[in-house]
Amino acid sequence: MMNYRAARFSIFLISAFLFLAPSLSAQTVPTDDESVKNGETLFKNNCYSCHRVKEKWTGPALAGYQNRVPSIEWTIAWVKNSAKLIASGDEYANKIYNEYNKSQMTAFTNLKDEEILDILAYVEVEAAKPDAAPVVVTEDGAAPAAGVPSAYINAIIIGMIVILLLLLVVLGFIVSTLKRVVENRNLSEEEKEVVESPITLSTVTRSPGFIFLVIFLVTTVGFKTVIDGLFTIGVQQGYAPKQPIAFSHKIHAGENEVNCKYCHTGVMKGKQANIPSPNICMNCHTQIKTESPEIKKIYAAIGYDPATGTYSGKTEPIKWVRIHNIPDLAYFNHAQHVNVAGIECQTCHGPIEEMEVVYQYSLLTMGWCIDCHRKTEVNGKDNAYYDKLIQLHEQSKGKNNKMKVEDIGGLECAKCHY
Amino acid sequence: MRIGHTSLAVIAIGLALAGCKAGGDNPGLEYAPNMYHSVAYEPLSQVTDTTAGAWVNALENPSVKGEYFNSNYFNGKSTFDRKSPVSNMREPAPHTVKRNAYGWLPYRNKRVSKDSIDLVVAGMKNPFDSTKALVAEGKVLYEYYCQHCHGKTGAAESKIATKYPLGVANLTAADYSEPHIFQVITHGAGNMGAHGSQVSPDDRWKIATYVRTLRKK
């Protein structure tokens with residue numbers, strides 16, 4: 001934040017002010033459409049970064065400025081060089097300066113008086129407009145759309161249960177009717193035995209068919225669980241450890257559209273994508289969400305005092321927990337995959353921009369690596385290194401046979417194990 | 001009921017193995033951890049348990065408590081001190097300055113106030129010519145490092161700039177020289193933080209070249 005006194009300008013300022021004052025005395029804000037339109041462009045280009053018309057932004061809301069500032073001339077002088085005005089000891093200038101934590105407004109010496117007046121014209125027109133209807137943003141914008149199919153599924157399941165219950169009732173009726181019919185007949189001894197033989201729990205459980213079915217089911221399910229269980233040994237897919245600071249990729253990469261490579265700067269340069277150092281966090285978080293308890297953890301780690309904006313020099317490492325662990329027996333390099341192959345982060349890391357807590361999305365097993373090396377075409381676009389290889393490959397295997405990673409040694413043991 | 005018992009045993013083993021699956025804070029069961037964990041110091045990893053895997057080198061060096069985690073006691077002398085194992089990264093040779101791949105020395109101009117910035121960058125020159133290919137490279141880098149604040153067109157129309165009062169500069173309106181942009185990326189300006197540690201000097205010049213093309217003529 002720029003925070004400096006321009007005391008050395010004071011003499012210069014007073015003389016300039018005396019010189020300018022008479023010439024400015026007759027300034028009025030224009031109202032014609034052309035000025036307003038011109039003012040809009042100028043406002044968007046010069047002021048919009050720090051000012052909104054109706055909202056307090058980096059600087060004050062501009063609506064109703066005419067009721068606050070001493071004069072139009074004062075406003076022009078302020079826009080052109082606020083530091084001068086502050087240094088001159090102007091009461092209102094110093095009040096504003098102190099109110100906004102002594103952050104200096106950029107001096108727009110290049111703006112002409114008429115241009116500033118045009119901006120003011122635009123501000124007045126804009127301020128007079130009624131507020132736009134507030135945009136209703138629901139927290140879970142996608143929820144209603146996603147809820148409809150699940151409601152259908154519930155209805156279908158309930159319907160099916162009702163139908164099954166009805167079937168049960170109907171079957172019960174049929175059984176009782178049949179029993180009554182049989183009871184009214186004269187049956188031989190053999191037939192009686194069959195009809196009266198009770199269907200109890202023990203007769204069912206002892207029947208060979210039932211025993212076979214149970215054993216079959218138990219062994220199949222059992223073996224499936226065992227095999228699945230064995231496959232998870234040494235595979236950390238789904239690992240989502242709690243991190244020391246609850247950093248959300250959903251907010252940063254998803255909602256705020258920060259590029260992955262902004263923070264993970266190593267991803268194009270070397271083996272590791274890198275966990276960003278806190279100075280990258282501080283590029284934004286000197287300003288944004290300074291009150292959040294999670295952000296305060298960063299401040300504590302780097303010894304930053306948000307009230308004064310100073311560093312104490314006492315630092316403490318943030319102990320992030322590593323999620324993706326490629327075993328030491330295999331070599332993996334991010335730069336090759338990101339720079340040369342041009343693979344998106346999401347191909348291996350999944351929908352990272354939707355993850356509140358990051359989990360390991362891919363298997364990271366050898367089979368997973370090999371599978372991709374078999375399927376993926378070599379990215380030869382704008383890369384002369386591969387030109388001859390691709391040419392030779394197409395000569396020997398035909399035009400339609402694209403060169404895959406496996407064709408240039410992507411499956412060789414020593415590519416990864418050495 | 002021998003078959004029944006076998007089935008029960010199979011299910012029990014299955015359930016026991018299901019507990020090996022990773023999830024939440026549990027990294028899952030590891031097979032052959034001494035082949036998985038690096039003996040050399042692995043970046044972004046931490047020594048959480050200095051006694052883990054002590055049996056690995058108990059035979060060779062019974063006096064040294066071994067572990068899988070960056071445990072090679074030949075790595076740096078302070079790793080002998082098992083209580084505070086540290087990295088074995090080497091410091092650069094004294095009184096030497098690293099040059100980058102282009103042979104450039106590090107950029108040393110300090111962060112200065114807005115008024116003095118043009119004095120500081122006076123005499124500096126973009127070492128790259130503004131060719132089409134270079135601007136294209138700059139555009140890609142701009143997308144990585146600048147777009148989320150300054151917006152796709154440079155007019156500060158990004159989500160962050162419209163959501164938070166940061167005072168993001170409108171790059172289409174300002175007439176900044178390339179060295180000026182280079183200095184601002186390196187050391188920051190206003191609310192913008194210093195990006196010198198993230199973006200290499202050559203990349204900064206490429207971005208500066210591209211940012212100049214964003215200006216509305």
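Reader: What share of the 217 residues in chain B counts as buried?
Author: Keep in mind that this is a predicted model. In it, buried residues make up 29% of the 217 residues in chain B. To earn the label, a residue needs 20 or more other C-beta atoms within 10 Å of its own.

Reader: How do you know what chain B is built from, helices or strands?
Author: Chain B has eight helices and zero strands, and reading along its sequence gives α-α-α-α-α-α-α-α. As for how it folds up, take the contacts in chain B with a separation of 6 or more: 50% of them involve residues 24 or more positions apart.

Reader: Why is H7(B) called oblique to H8(B)?
Author: Helix H7 (residues 178–187) of chain B packs against helix H8 (residues 201–214) of chain B at about 125°, with the axes 9 Å apart. Roughly perpendicular stops at 115 degrees and roughly antiparallel starts over 145, so H7(B) ends up oblique to H8(B). Their crossing is right-handed. On the H7(B) side, the contact includes Ile181(B), Phe182(B) and Ile185(B), and among the residues from H8(B) are Trp205(B), Ile207(B) and Val211(B). By class, this contact of H7(B) with H8(B) has seven nonpolar, two polar and three charged residues.

Reader: What makes H14(A) oblique to H15(A)?
Author: It's the angle again. Helix H14 (residues 278–285) and helix H15 (residues 293–302), both of chain A, have axes that come within 11 Å and cross at roughly 130°. That value also falls between 115 and 145 degrees, so H14(A) is oblique to H15(A). The crossing is left-handed here. Pro278(A), Cys281(A) and His285(A) of H14(A) meet Ile295(A), Ile298(A), Ala301(A) and Ile302(A) of H15(A). Sort those by class and you get six nonpolar, one polar and no charged residues in the contact of H14(A) with H15(A).

Reader: Why are H2(A) and H7(A) called roughly perpendicular?
Author: The axes of helix H2 (residues 33–47) and helix H7 (residues 113–128) of chain A come within 7 Å and cross at roughly 100°. The window for roughly perpendicular is 65 to 115 degrees, so H2(A) and H7(A) fit the term. Among the residues making the contact are Leu42(A) and Phe43(A) of H2(A), along with Ile119(A) and Tyr122(A) of H7(A). In total, the contact of H2(A) with H7(A) divides into eight nonpolar, three polar and three charged residues.

Reader: How do you know which residues of chain B are in contact with chain A?
Author: Two residues count if their C-beta atoms lie within 7 Å. By that test, 52 residues of chain B are in contact with 51 residues of chain A. H1(B) gives the most to the side of chain B that touches chain A, namely nine residues. That side of chain B is made of 26 nonpolar, 20 polar and six charged residues.

Reader: Where in chain A is the pLDDT under 50?
Author: One such stretch is residues 1–25 of chain A, for which the model has 29 contacts beyond four places in sequence. Residues 134–147 of chain A are below 50 too, and that stretch has zero contacts beyond near neighbours in sequence. Where pLDDT is low, don't read the predicted coordinates in detail. Over the whole of chain A, the mean pLDDT is 83, with 89% of residues reaching 70 or more.

Definitions and conventions
Residues numbered from 1 in each chain as written. Chains lettered and ligands numbered in written order. Predicted model: local features only at pLDDT ≥ 70, side-chain atom pairs only at ≥ 80, totals over all residues. Helix = DSSP H or I, 4+ residues; strand = E, 2+ residues; numbered from the N terminus. Nonpolar A, V, L, I, M, F, W, Y, C, P; charged D, E, K, R; others polar. Buried ≥ 20, exposed ≤ 12 C-beta atoms within 10 Å, placed from the backbone. pLDDT = per-residue confidence, 0-100. Axes fitted to C-alpha atoms, helices over the stretch in contact; angles between N-to-C directions. Parallel < 35°, antiparallel > 145°, perpendicular 65-115°, else oblique. Left-handed = near helix turned anticlockwise from the far one by under 90°.
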